[in-house]
Amino acid sequence: MTRARDAAMRLRRAAASATRARDGFGGTAVGARVVEAARATHSARDSAAAKTATTTRAPTRVYIETYGCQMNVSDSDVVRSVLRAHGVATTEDLREATAALVNTCAVRDNAESRVWTRLRQLKALKRDAGHALTTVGVLGCMAERLKAKLLETEDLADLVCGPDAYRDVPRLLENSTRRLSDLSEEDRMNVLLSLDETYADVRPVRRDVGSPMAYVSVMRGCDNMCAFCVVPFTRGRERSRPFESVVDEARGLIAEGVKEITLLGQNVNSYADAPMKATTSADDDPFAAYAKGFKSVYKPKREGARTFADLISAVAGLDQEVRVRFTSPHPKDFPDDLLRVIAQTPNVCKQLHMPAQSGSTSTLERMRRGYTREVYLDLIKRAREMIPGVALSSDFISGFCGETEDEHAETLSLLEDVRYEQAFMFHYSLREKTHAARNLEDDVPEHVKKRRLAEVIATFRRRALEANAAEVGRTHLVLVEGASKKDPEAQMSGRSDTGKRVVIQGKRAFSNSSGKEVDIKAGDYVVARVVEAGASTLLATPSEITTARAFYDAHSGAAWF
Ligand code: SF4
């Protein structure tokens, strides 16, 4: 590591020396020695890539490996599309790839550690004469966060590309075939963030063609600046895709046979197409567009814009046989009109992710989340009143800066009070550049963070088990994804409208449309009764294969009965 850093420093000094010499400012004996050292380093690195320099160089075939959130999965589809438009082939098999692009996540330390380990493995493959791999690139949030450090550290990356620069991947790949010593940093890296890039005109190439589920990215970036979060620094400012481009992409997916569309964004429900100016109500409330009582560090510009409620309504209106979900939302962007659209549109799934992060008002204030425990609980109450049977999920961070035992206890009590059905729980890990890293002290000892996280997980699990136990005897409309992993010969697997994994016992059911018993297949809607419930999976027996419309009509639009 130190040697690599030294080499990188020598390279930088050498470049500076070379520039000074060219400009007539240097050329000392010391400078000349450094240039020689840099040349030696260059030539060693060039020879490590010697297999690229053969006259029979294979055409580029790119393998993309994705870490992190669903947004990254969707971005990898965008990169595939950009590459294909440039005539660059992609492959799902690393063994035949000449270039591997690792789409990374920077949200937590351990997510980054996994990527560093993977980059070292890929570097070893590059040296393996029996392997075609010659180029390794880093895409995504780590690329944005670490920038040139990725190029300099142990030669782990040949190219680096941030989330807003994916149109530039073909150029960076092309450059990676040239001699390293001929390349500048700009030739190998593009981490420019954009105020308007949404890849609206790029039709993503889905890796899982044939799946009944698909994702459509509707907005990028985040303006919220929560104290702990690196996303605003790695993904840039919030911007939304044009309304019609989202609807067109959804229409195309439906024509391909997709039965469930998930709308995606870092802050998906703050979607606002063509915002004109800051929203204010009659009493000049700049946060009038938000759920009641919520605020943010910026004034949202929503006036005259088509909002997320309009968008989800339009996508759901394309075809009632296609379910619509969304992730990942912020609680502030659940105004009543959005809750109403979700309640009144049968094919918008009755599952809401409401990331709380903490149950303590004072911790939420340090986190700069823009709400109190009370305001959050009011929203939960409203959501449950307006959308009967809605399933709720959340995110929690244990051991944030300054968190006391009392504040932690308030998080446990929030978990008790709300009884979430799913949750994503982590202990706090400091991220450079964030408000917390600059202004707060990461003062909760590691063992305390871990103990508190274990208590949060245990409380969540106990309550989720109780929620799932109440499912026994209920009937759900399950969208089948395929054979179950555990017992593919005897069971099928899918998801309820409320987002729960449902394993269906048996592989045949009566079909409403044909009037006889048929095989259950991926993309079918199956009416299934829950007979057993685990912590995260329901076991159900099928009664019939039906249409979404028939189910909603028979049960007044309810997600289950
Ligand atoms: S809302 Fe907060 S936690 Fe979520 S991405 Fe934006 S800054 Fe990060």
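The following exchange examines how several labels applied to this predicted model are justified.

User: Why is Val138 called buried?

Analyst: Val138 has 27 C-beta neighbours inside 10 Å. The label requires 20 or more, so Val138 counts as buried.

User: Where does Val138 lie, and which residues does Val138 touch?

Analyst: Val138 belongs to strand β4. Leaving aside residues up to four places away in sequence, Val138 touches Val102, Thr104, Ala143, Leu150, Ala157 and Val160. The C-alpha atoms of Val138 and Gly162 are separated by 8.3 Å, although the two residues are 24 apart along the chain.

User: Why does Arg461 count as partly exposed?

Analyst: Arg461 has 15 C-beta neighbours inside 10 Å. A buried residue would need 20 or more and an exposed one 12 or fewer; Arg461 therefore counts as partly exposed. Arg461 is placed in helix α17, residues 446-469. Between the C-alpha atoms of Arg461 and Tyr420 the separation is 9.1 Å, with their positions 41 residues apart along the chain.

User: What makes β4 and β5 a pair of strands?

Analyst: Strand β4 (residues 135-140) and strand β5 (residues 159-161) are joined by three bridges and run parallel. Pairing requires at least two bridges, so the strands qualify. Within this pairing, Leu139 stands opposite Cys161 in β5.

User: To which sheet do β4 and β5 belong, and what packs on that sheet?

Analyst: They belong to an open sheet of six strands in the order β2-β1-β3-β4-β5-β6, with parallel pairing. Its edge strands are β2 (89-91) and β6 (189-190), each of which pairs on one side only. Helix α3 packs on this sheet and touches β1 (61-66), β2, β3 (99-104) and β4, its direction making about 170 degrees with that of β1. Helix α4 (residues 109-127) also packs on the sheet, where it touches β3 and β4; its direction makes about 175 degrees with that of β3.

User: What makes β7 and β15 edge strands?

Analyst: The open sheet in question has three strands, in the order β7-β10-β15, with parallel pairing. Strands β7 (213-217) and β15 (323-327) each pair on one side only, and they are the edge strands. From one strand to the next, the twist averages 25 degrees. Helix α3 (residues 70-85) packs on this sheet, touching β7, β10 and β15, and its direction makes about 85 degrees with that of β7.

User: How do you know that β7 and β10 pair?

Analyst: Five bridges link β7 to strand β10 (residues 260-264) in the parallel sense. At least two are required, so these strands are a pair. One of the bridge partnerships is that of Ala214 with Ile261 in β10.

User: Why are the buried residues of α11 said to be on the same side of the helix?

Analyst: The residues concerned are Phe308, Ala309, Leu311, Ile312, Val315 and Ala316. They cover an arc of only 165 degrees around the axis, which puts them on the same side of α11. What covers them includes α10 (243-255), β10, β14 (306-307), β15 and α12. Helix α11 (residues 308-316) lies across β10 and β15, running at about 150 degrees to β15.

User: What puts the buried residues of α12 on the same side?

Analyst: In helix α12 (residues 336-344), the residues Leu338, Leu339 and Ile342 are buried. They span an arc of only 100 degrees around the axis, and therefore they are on the same side of α12. Their cover includes α11 and α14 (373-386).

User: How do you know that β22 pairs with both β23 and β25?

Analyst: With strand β23 (residues 517-519), strand β22 (residues 508-511) pairs in the antiparallel sense over three bridges. With strand β25 (residues 537-546), β22 is joined by two bridges and runs parallel. The cut-off is at least two bridges, so both count as pairs. Phe510 has Glu517 as its bridge partner in β23, and Ser511 stands opposite Ile545 in β25. The hairpin of β22 and β23 has five residues between the strands, and Gly515 there takes a positive phi near 75 degrees.

User: Which residues are around the ligand, and how does the shell divide?

Analyst: The ligand is surrounded by Cys222, Asn224, Met225, Cys226, Cys229, Val231, Pro232, Gln266, Asn267 and His330. The shell divides into six nonpolar, four polar and no charged residues.

Definitions and conventions
Residues are numbered from 1 along each chain as its sequence is written. This is a predicted model: local features need pLDDT of at least 70, side-chain atom pairs count only at pLDDT 80 or more; totals for chains, interfaces and linings use all residues. A residue is near a molecule or strand if its C-beta atom, placed from the backbone, lies within 6 Å of it. Ala, Val, Leu, Ile, Met, Phe, Trp, Tyr, Cys and Pro count as nonpolar, Asp, Glu, Lys and Arg as charged, and the others, Gly among them, as polar. Helices (H or I, at least four residues) and strands (E, at least two) are DSSP runs, numbered from the N terminus. Axes are lines fitted to C-alpha atoms, for helices over the stretch in contact, and angles run from 0 to 180 degrees between N-to-C directions. Two residues are in contact if their C-beta atoms, placed from the backbone, lie within 7 Å. The arc is that of the directions from the helix axis to the C-beta atoms.
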